[in-house]
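Me: I have a model open in my viewer and would like a close look at a single part of it. Could you walk me through the largest pocket and a couple of buried residues, and set them against the chain as a whole?

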Amino acid sequence: NQAVIIETGLSPKKLLASLLEIEISMGRTRKKKWDNRIIDIDILFYDDLVLNDESLILPHPEIQNRRFALVPLAEIAPDEIHPVTGFSVTEMLKRTKDRGTVIRLDPEIPGE
């Protein structure tokens, strides 16, 4: 897993549609929930927006329960505040009950 911060002029729903197009172009098929997948791109936060729609929930409803998402997010946005809980990413990482192991893999840097 990895986390990235982006700037976009797209609305949250248009961003989601674009991300779904990327997933499809990479070969993702949606057969059943929790099925293995080649790629899964989630929107964790969209500024401090709170949205609960049938097609999109923001912030991501499971972020506080997923170490595999919180660990990389804490590397790039440790002080980002969850607009519902009021906890920072660092605080959510400390509080999560998920004890899954997350191993950081350093990419090979050409020439080093």
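Reply: Happy to. One term first: two residues are in contact when they have heavy atoms within 4.5 Å of each other. Please keep in mind that this is a predicted model.

Let us begin with the setting. The chain has three helices and two strands, and their order along the sequence is α-β-β-α-α. Along the principal axes, the C-alpha atoms fill a box of roughly 40 × 30 × 30 Å. Of the 112 residues, 27% count as buried. Among contacts with a separation of 6 or more, 50% come from residues 24 or more positions apart.

Now to the pocket. Its volume is about 1,800 Å³, and 50 residues line it. Nearest its centre you will find Ile-41, Asp-42, Ile-43, Leu-44 and His-60. Helix H1 (12-25), strand E2 (57-58) and helix H2 (67-76) each supply at least two residues of the lining. H2 gives the most, with five residues.

Two of these elements hold the residues I would like to show you. In helix H1 sits Glu-23. Its relative accessibility is 1%, and because buried means under 20%, Glu-23 counts as buried. Setting aside neighbours within four places in sequence, Glu-23 is in contact with Arg-28, Arg-30, Ile-39, Asp-40 and Ile-41. Ile-41 in that list is also one of the residues that lie nearest the centre of the pocket.

In helix H2, look for Leu-73. It is buried too, with a relative accessible area of 6%. Leaving out neighbours within four places once more, Leu-73 is in contact with Ala-3, Leu-44, Phe-45, Ile-63, Pro-78 and Val-89. Here Leu-44 is the partner that also appears among the residues nearest the pocket centre. For a distance to check in your viewer, take Leu-73 and Arg-95: they are 22 residues apart along the chain, and their C-alpha atoms are separated by 15 Å.

Finally, back out to the surface and the charges. The chain exposes about 8,500 Å², of which carbon and sulfur atoms supply 52%. There are 15 positive and 19 negative side chains, and the centres of the two sets lie 8 Å apart.

Terms used:
Residues numbered from 1 in each chain as written. Predicted model: local features only at pLDDT ≥ 70, side-chain atom pairs only at ≥ 80, totals over all residues. Heavy atoms only, no water. Helix = DSSP H or I, 4+ residues; strand = E, 2+ residues; numbered from the N terminus. Buried < 20%, exposed > 50% of the residue type's maximum accessible area, 1.4 Å probe, protein only. Areas by Shrake-Rupley, 256 points an atom, 1.4 Å probe, with all protein chains shown as cover. Lys, Arg positive; Asp, Glu negative; His and termini not counted. Charge placed at Lys NZ, Arg CZ, Asp CG, Glu CD. 1 Å grid on protein atoms, 1.4 Å probe; cavity = no way out; pocket = protein on both sides within 12 Å on 5 of 7 lines; lining within 4 Å. Points joined across faces, edges and corners; volume = space filled by probe spheres on them.
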